[in-house]
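Reader: Could you take a close look at one part of this model for me, starting from a single pair of residues and working outwards from there? I am in my first year, so please explain each term when you use it.

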Amino acid sequence: LGVHLDDPYPFYARARREAPIFFSPKLDAWVVTRLTDVKKVLRDGRTFSSANTLRPFSPLSPSVFAVLAQGYPATDLMITLDGEEHQWWRTPTAACLSQERVNATEQYIVERANTLVDGFAADGTTDFMTSYANPLGVSVVYHLLGFPPELHEELGDDSRRAAGLAMGHRFLSEDEQIEAANSWVRYQHVIGRHLADRRAAPRADLTSEMLAAYVPGNGPLTPQREAELVAHFFGLGLAGHITTSALLGNGLHRLLSHPDQWRLLCERPELVPDAVEEIARYDTPTHIFLRKTTKETTVAGQPLPAGTELAVWLAAANRDETAFEKAEEFDITRKTARNHVVFGHGAHFCPGAGLARREVEVSLRVLTERLPKLRLVPDQEIEIRRSLDHRGPVSLQVAWT
């Protein structure tokens with residue numbers, strides 16, 4: 001399993017060739033690997049429900065539930081809802097993350113990116129994940145949500161640990177699961193206090209705007225609605241940085257592993273938007289979305305009864321040879337890369353995709369301008385996050401002259 005997590009792409013290629021849909025006993029789901037089939041599943045929410053999106057791949061330790069009971073009760077999230085319920089939650093979020101909002105946030109992203117580089121530029125070497133990728137993603141999303149800067153690092157650390165329960169708890173010991181559960185509860189309560197504050201005194205931030213859309217007025221919230229709002233902002237904050245940070249880490253790793261591509265990007269900054277799409281396609285941060293059939297159907301010629309669970313493998317689909325010429329090659333001049341499904345497809349397409357793209361674009365411009373001699377520290381063992389559905393480096397040692 002460790003070998004697969006370090007480099008799952010040879011297995012994905014074999015699956016696309018030999019069994020584009022196959023049943024996995026470990027996941028208890030049918031795995032879909034080709035781009036056409038993945039898009040078919042993701043755009044048909046009536047046939048393929050999102051209700052099982054957060055189903056764990058293996059049971060949590062029983063002791064974890066006693067810790068989680070100290071937080072808010074479990075409730076449905078936007079990513080697990082279908083139809084009108086999903087749209088009710090999605091519409092205000094998408095409106096608040098519009099292209100206009102992304103454009104207005106760019107100056108903050110530029111300033112934060114340069115400040116982070118200032119912090120290590122004179123050192124000659126750094127861990128890119130801890131000194132840049134993680135703090136940038138965290139700062140941008142929590143700045144938009146209106147959390148004070150002094151809380152950003154704490155929010156990032158707690159939400160990242162909490163994600164281990166959803167994304168990789170099968171790789172955690174019982175003690176590590178309990179630590180993650182404590183982070184989960186602590187993160188929930190910080191969000192709860194923040195929502196209460198913005199409910200009482202709205203400000204010019206995304207939290208206040210979305211609260212006004214979801215619960216107009218200033219009357220008391222029912223316990224159920226409060227739990228739903230905490231869960232929504234929990235997911236929004238976490239998704240707003242963990243995927244972007246992984247995209248930055250994966251991207252720099254690939255660029256510096258292909259020095260000719262890095263030099264080309266430094267020489268031709270107009271390629272930055274294409275480079276962002278190729279990075280996303282070639283080394284996708286989110287690997288799996290789960291779905292469940294609501295009626296009898298067929299995928300890739302395989303008959304599936306109602307109630308069948310599917311794992312649509314985004315990362316496999318993004319290297320589909322029938323969709324991308326020389327799909328296993330990393331090429332920042334590729335013009336078809338945006339055909340990928342990195343941010344999903346259909347009704348559940350990520351509403352924060354534009355923000356993530358802008359953060360990576362700004363980062364590539366800043367890094368190529370300020371550190372053009374950037375290189376990977378040789379002979380390092382790059383640890384990949386232990387998770388089946390989310391892939392990115394835990395650390396990435398880089399150096400420069």
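Author: In strand E5, the residue that serves as bridge partner to Phe48 is Thr293. Strands, like helices, are DSSP runs numbered from the N terminus, a strand (E) having at least two residues and a helix (H or I) at least four. What you see is a predicted model, in which local features need pLDDT of at least 70 and side-chain atom pairs count only at pLDDT 80 or more, while totals for chains, interfaces and linings use all residues. Residues are numbered from 1 along each chain as its sequence is written, and side-chain values use heavy atoms, with hydrogens and water left out.

The contact between Phe48 and Thr293 belongs to the pairing of E3 with E5, which is antiparallel and runs over two bridges; two strands are said to pair if DSSP finds at least two bridges between them. E5 covers residues 288-293 and is mostly covered, since five of its six residues are buried, where buried means under 20% relative accessible area, exposed means over 50%, and partly exposed lies in between (1.4 Å probe, protein chains only). E5 is also joined by five bridges to strand E8, residues 309-313, and these two strands run antiparallel. Within E8, Leu310 is the bridge partner of Arg291.

If you now step back to the whole sheet, you find five strands in the order E1-E2-E8-E5-E3, forming an open sheet with mixed pairing. Strand E1 (21-24) and strand E3 (48-49) stand at its edges with a single partner strand each, so one side of each has no neighbour in the sheet. At the E1 edge, the partner is strand E2 (residues 29-32), and the two pair in the antiparallel sense over four bridges; Trp30 in E2, for example, is the bridge partner of Phe23. The loop between E1 and E2 holds Lys26, which counts as exposed because its relative accessibility is 65%. The C-alpha atom of Lys26 is 8.7 Å from that of Ser58, although these residues are 32 residues apart along the chain.

Another open sheet has three strands in the order E4-E10-E9, with antiparallel pairing. Its edge strands are E4 (125-127) and E9 (375-376), each of which pairs on one side only. Between E9 and strand E10 (residues 397-399) there are two bridges, again in the antiparallel sense, and Val398 in E10 is the bridge partner of Leu376.

Charged side chains add another set of links. A salt bridge is counted when a side-chain nitrogen of Lys or Arg lies within 4 Å of a carboxyl oxygen of Asp or Glu, and this rule gives 25 salt bridges. One of them joins Glu321 to Arg16, with the closest N and O atoms 2.9 Å apart. Because Glu321 lies in the loop between helix H14 (314-317) and helix H15 (353-370) while Arg16 lies in helix H2 (residues 9-18), this pair ties together parts that are 305 residues apart in sequence. Glu321 is partly exposed at 39% relative accessibility, whereas Arg16 is buried, with a relative accessible area of 2%. Both residues also belong to a network of salt bridges that links Arg16, Arg319, Glu321 and Glu328.

A further salt bridge, between Asp274 and Lys335, has its closest N and O atoms 2.5 Å apart. This pair, too, links distant parts of the chain, since Asp274 sits in helix H13 (residues 272-282) and Lys335 in the loop between H14 and H15, 61 residues apart. Asp274 counts as buried because its relative accessible area is 19%, while Lys335 is exposed at 64%. In the salt bridge between Asp205 and Arg198, the N to O distance is 2.6 Å; Asp205 is buried, with a relative accessible area of 6%, and Arg198 is buried as well, at 5%.
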